[in-house]
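Here are some notes to read alongside the model. Have it open while you go through the points.

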Amino acid sequence: MAFAITSNAIPLPIAAVPVVEVDAFRRDVLTAIVAGGRLLLLIGLPGDGRATRLLAAIADDARGAIAVCSTDVTDAYPALTPDCPSAHYFEREIAEQYGIEPEGHPWLKPVRFPLGGPTIGEADFYSVAGSEIHEVAVGPVHAGVIEPGHFRFNCHGERVIHLEISLGYQHRGVERALRGGPDRRSLYLAETVAGDTTAGHATAYCQLFEGLAERECSARANALRVIALELERIANHIGDLGALAGDVGFLPAASYCGRLRGDVLNLTAELNGSRLGRGWIRPGGIARDIGSDELRELKRRLSDAGRNMRNAVDLLWKSSSVRARFENTGVLRHEAAADLGIVGPAARASGIDRDTRRDLPAALYRARHPTITVGDNGDVFARALQRWREIEHSLGFLADVLDDPGSGTTASAIPSLAPDAVILSLVEGWRGEIVHLAVTDAAGHFAHYKILDPSFRNWFALAFAMRGQPIMDFPLCNKSFNLSYCGHDL
Amino acid sequence: MFKTLLARARQGYRTAGFPAEEPGLPALFRGRPELDPTKCTDGCRQCVDACPTGALRVAEAGVELDIGRCIFCEECVAACPEGAIAFTRDWRVAASRREDLIVTDDNRPRVDALGRELRRLLGRSLRLRQVSAGGCNGCEVEVNALGNVVFDGSRFGIEFVASPRHADGILVTGPVTANMKQALLITYEAVAEPKLVIAAGACAISGGLYRSHPEVSDGIEGLLPVDLYIPGCPPHPITMLDGLLRLLGRL
């Protein structure tokens, strides 16, 4: 089979990526997936002349390797989706961005409604017909302080038969703006892919940048990045547990967890000035070293926060009214999660034993990583419990990192980037696997930049989990995934 | 039930003392910038060239920093060889007028309280409909924090409501994407008169990092009449609370 093999944040000369006939491409990709590979991404790139180059990356999580291959297509090609369901959203994106038709794809609905295409909201939505069937349309402006998106529930009585999710309202041209870089805006554009994942996306960007320059950060810079990433994970997970409590009307845990989230954001702010960690992680290292007194203080305060979190979250597990609402609600079965290529805590809650920190680490988590555990039931309860376990593992792991943060310079200058190369940079963000891909031109500038927030893969899982649910459970199911609109819309 | 009460005792009282007390911001907090144009050397544009959002300009009277565009990243501070720019820990950066966001050596942002009649109509409550119009969800994170027990906007009657019909105004975040423009304008229309418009964050004020992208409208300037600008990327909840309380004449 024609693949170029690489790994996380290791560049490949673009010439080393095989370009094969479309039938061979399709056969090779499907064979690799049948053999246990995972479709990491499938994207279009501008090809020669009229052609669009399709590039597929297959992750071999057991070996920590990534296989890459490509093909050139014009107008149409036989879709992978019928044989590989996890390609479905990628192929919708390819159709929208390049006007290529993946033939045999069940429904090429718009993904983001970019400029020049149909007006947002004007699309063929899946709808169910029949007596007593009705449709509930919600959004783009929702009831709370939430990002915009459009949801259509096809219901029979209270029961949801299918949920149609239509996004794109946050589309602001991030990937396009990154082309031609790196420049003074690039890092900040990466940080704001999803504001609640500033450390995750900034790290993915910096790792990509350093990979292309064939430089690695010092052990200490990596340890400080790990602190930033794990604080982000803890803050968001505890916030989500509070929001889940709020969605079932259990206000004590909702208040405590909301405040505890803020406590973790405040710790982040004390280390770098910004509650979201803006400007903290930078190419070559990190903006600011942390002194040993500060590290000790951080450890003490994290341990305090951990105790308060345990106390607050325990209320959830011990309240039968909460458990009754969480258990068996919004089940995402293991097979569905695997077929759809779901990532992150949502996948682990459905029993998928995969975490970039362990399976495909770059320098960041290569030396050590937190304990990785998985759940089984795939319901709201499993996703809530998964978050709590990840908080506990991260707290324990951080205590070790704070004891031994390594040494070395925290900021180093980065020379120019490799020309004519392609690189994939993966980070396990709090929502799951973040992928940044760049292709450089002859001058070492970004000819193409692709961002894959975990939400891109996971939105469809929410639609799946809602099938057969009472419509009143939507807020709860939605919050149990807590996906990003801006990270999807880019 | 007993466990819940015990937990309540353990978790304690956590509401911030602000505004009666100082807000206790971290030592590294990046607030209102201060400029000293007398330090600038002729022809130097290093800060201007370093700024990711084009927030700096060298005018006749010296360097100016538009905090309506600024993302408070301090690239300019690092670039300036003369130390002419510094970010202070002052959280009070909200302003009533767009031009007051242009920080020079003697211009600083300030908020004028609403007129007496409007304040009488609002009474002791301010209900806002938040509209997220593009952006990165960073501002939404901090707007949500305004509702938690620490910042607790509801102490001052400040709450976010589900329907524009129940709102006294809208608080907009994001650069106003082409895909959200219509929904934003419809939401604004749905709020009963008299109504307020608050622009929170660099994106809503000026387009922020996405300024001049064809996919966005460079914020709400020119689309809606703005009563309060709250700069930041994102603004700290204390900055938002401070701006809102000043608008209501409570500070």
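How many residue pairs are in polar contact across the interface of chain A and chain B, both at pLDDT 80 or more?

1. The rule finds 32 such pairs. A polar contact here is a pair of N or O atoms within 3.5 Å; within protein, one must be able to donate a hydrogen and the other to accept it, and residues adjacent in sequence count only if both atoms are side-chain atoms. Before you go on, two housekeeping remarks. This is a predicted model, where local features need pLDDT of at least 70 and side-chain atom pairs count only at pLDDT 80 or more, while totals for chains, interfaces and linings use all residues. Residues are numbered from 1 along each chain as its sequence is written, chains are lettered from A in the order in which they are written, and side-chain values use heavy atoms, with hydrogens and water left out.

2. Now for the interface itself. On the chain A side, 56 residues are in contact (heavy atoms within 4.5 Å) with 57 residues of chain B. The buried area is about 4,600 Å², and carbon and sulfur atoms give 56% of that. Buried area means the accessible area (1.4 Å probe) that two parts lose on being put together, summed over both. In chain A, V145(A), R172(A) and R259(A) lose the most area to chain B, together 16% of what that side buries.

3. There are three salt bridges between the two chains, each a side-chain nitrogen of Lys or Arg within 4 Å of a carboxyl oxygen of Asp or Glu. One of them joins R282(A) to E75(B), with the closest N and O atoms 2.6 Å apart.

4. Which helix gives the largest share of the side of chain A that touches chain B? That's α7(A), with twelve residues. Helices (H or I, at least four residues) and strands (E, at least two) are DSSP runs, numbered from the N terminus. By residue type, this side of chain A divides into 25 nonpolar, 15 polar and 16 charged. In that split, Ala, Val, Leu, Ile, Met, Phe, Trp, Tyr, Cys and Pro count as nonpolar, Asp, Glu, Lys and Arg as charged, and the others, Gly among them, as polar.

5. Have a look at α5 of chain B (residues 138–145) too: seven of its eight residues are buried, that is, under 20% relative accessible area with a 1.4 Å probe, protein chains only (over 50% is exposed, in between is partly exposed). C139(B) is one of the buried ones, at 13%. The cover over these buried residues includes α7 of chain A, along with β6, β7, β8, β9 and α8 of chain B.

6. Hunting for disulfides (cysteine sulfur atoms within 2.5 Å)? The count over all chains is zero. For C155(A), the closest cysteine sulfur, in C477(A), is 13 Å away, so it is too far for a bond. C139(B) is in no disulfide either, as the nearest cysteine sulfur, that of C136(B), is 6.5 Å away.

7. Two strand residues to finish. S70(A) sits in β6 of chain A and is buried at 1% relative accessible area; a polar atom of its side chain lies 2.8 Å from the backbone oxygen of P18(A). R152(A) belongs to β10 of chain A, and its side chain makes polar contacts with the side chains of E135(A) (3.4 Å) and H150(A) (2.9 Å).

Definitions and conventions
Disulfide = S-S within 2.5 Å.
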